[in-house]
Amino acid sequence: MTPFTAELIGTMLLILLGNGVVANVVLKGTKGNNSGWIVITTAWALAVFVGVQVAGPVSGAHLNPAVTIGLAAAGKFSWDLVPSYITAQMTGALLGAFLVWLFNKDHFAITEDEGAKLACFSTTPAIRNTFSNLISETIGTFVLVFVIFHFSDPSISLHHDPTAKVGLGSIGALPVTFLVWVIGLSLGGTTGYAINPARDLGPRMMHALLPVKGSSDWGYAWIPVAGPILGAVLAAFLYQVLN
């Protein structure tokens, strides 16, 4: 396992489970059909837990180009590593989206709603308004990255020996899990909270490549890329100003 493979596999699992729950909720004939927004936001948060758990010890589990760029902009990550991390994240997102299609192939085949099928890959706005949609993605990602800057190390000190640390293991992935959950519940209703360029662009590319009927909505595709990057850079700027 290297940082590249960790980011690739972690992002692949994130997309498989995150877009997988969307497919379970919106595709025709699934056991989870119409189970709703709470199911989607909860599973997306837990998908983040899974991805972070796998990639965290090796790469830091960015799983998101906006996080990678935000950390670099704040001086917490080397710019030299940014291209390889983003390449791994995009590759993982493509693979994860392909697995969602493969897993749900029979249900894609019987679903007539082209918008529902696109939703299993990428985000779409509830109300299409370029400025409002861009603001939604910018603010959502700003919250994500700014709060990540304030996470503590996943360890606790022993009272009898303050220099000793006890790692929290898998529990260390919980903070970002809860963070993504609350962003989805509170800020996800306008654009579907991509808050991750790879999460949206990679699956959208796979939607265009696979035999899935319907438009990939490329006219909207720049918003869940530009908004998250802008939000991450703003979070990095404010963090540096305050610290």
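**A walk from Leu-179 to helix H3**

Let's start at Leu-179, which touches Val-143, Leu-144, Val-147, Ile-148 and Phe-151 once residues up to four places away in sequence are set aside. Keep in mind as you look around that this is a predicted model. Leu-179 belongs to helix H8, which covers residues 174-187. With a relative accessible area of 7%, Leu-179 counts as buried, because anything under 20% falls in that class. If you want to see how the chain comes back on itself here, pick out Val-147: it sits 32 residues from Leu-179 along the chain, yet the two C-alpha atoms are separated by 7.9 Å.

Several of those partners, including Leu-144 and Ile-148, lie in helix H7, and they also meet helix H3. So which residues of H3 do the meeting? They are Ala-66, Val-67, Gly-70 and Leu-71, and on the H7 side Thr-141, Val-145 and Phe-149 join in too. The two helices pack at an angle of about 50 degrees, and their axes are 10 Å apart. That angle makes H3 oblique to H7, and their crossing is right-handed.

Now stay with H3 for a while. It runs over residues 65-73, and eight of its nine residues are buried, so the rest of the structure largely encloses it. The buried ones are Pro-65, Ala-66, Val-67, Thr-68, Ile-69, Gly-70, Leu-71 and Ala-72. What do they pack against? Four helices: H4 (82-103), H7 (130-149), H9 (197-209) and H10 (223-242).

The two ends of H3 are worth a look as well. At its start, a side-chain oxygen of Asn-64 comes to within 2.8 Å of the backbone nitrogen of Ala-66. After the helix comes Gly-75, with a positive phi near 80 degrees. Just before Asn-64 you'll find Leu-63, in the loop between H2 and H3. Its phi is positive too, near 60 degrees, and this is a residue other than glycine. Leu-63 is buried, at a relative accessible area of 3%.

Inside H3, Thr-68 deserves its own stop. Is Thr-68 buried or exposed? It is buried, with a relative accessible area of 0%. Its side chain makes a polar contact of 2.8 Å with the side chain of His-62. Leaving out residues up to four places away in sequence, Thr-68 touches His-62, Phe-77, Val-82, Tyr-85 and Gln-89.

Time to step back. In soluble globular proteins, nonpolar side chains tend to be buried together. Here, the largest nonpolar core has 52 residues, and Trp-44, Phe-121 and Phe-149 have the most contacts inside it. The elements giving two or more residues to this core are H1 (3-26), H2 (37-59), H3, H4, H7, H8, H9 and H10. That list takes in H3 and H8, where we have already been, and Phe-149 is one of the H7 residues that meet H3.

Trp-44 shows what such a core residue has around it. Apart from neighbours within four places in sequence, it is in contact with Leu-14, Ile-15, Gly-18, Asn-19, Val-21, Val-22, Tyr-193 and Arg-199.

One last stop is Ile-195, in the loop between H8 and H9. Like Leu-63, whose phi is positive, Ile-195 is a residue other than glycine with a positive phi, in this case near 40 degrees. Ile-195 is buried as well, with a relative accessible area of 6%.

Note on methods:
Residues numbered from 1 in each chain as written. Predicted model: local features only at pLDDT ≥ 70, side-chain atom pairs only at ≥ 80, totals over all residues. Heavy atoms only, no water. Buried < 20%, exposed > 50% of the residue type's maximum accessible area, 1.4 Å probe, protein only. Contact = heavy atoms within 4.5 Å. Polar contact = N/O pair within 3.5 Å; in protein donor to acceptor, adjacent residues only side chain to side chain. Core = buried A, V, L, I, M, F, W, Y, C linked by side-chain atoms within 4.5 Å. Axes fitted to C-alpha atoms, helices over the stretch in contact; angles between N-to-C directions. Parallel < 35°, antiparallel > 145°, perpendicular 65-115°, else oblique. Left-handed = near helix turned anticlockwise from the far one by under 90°.
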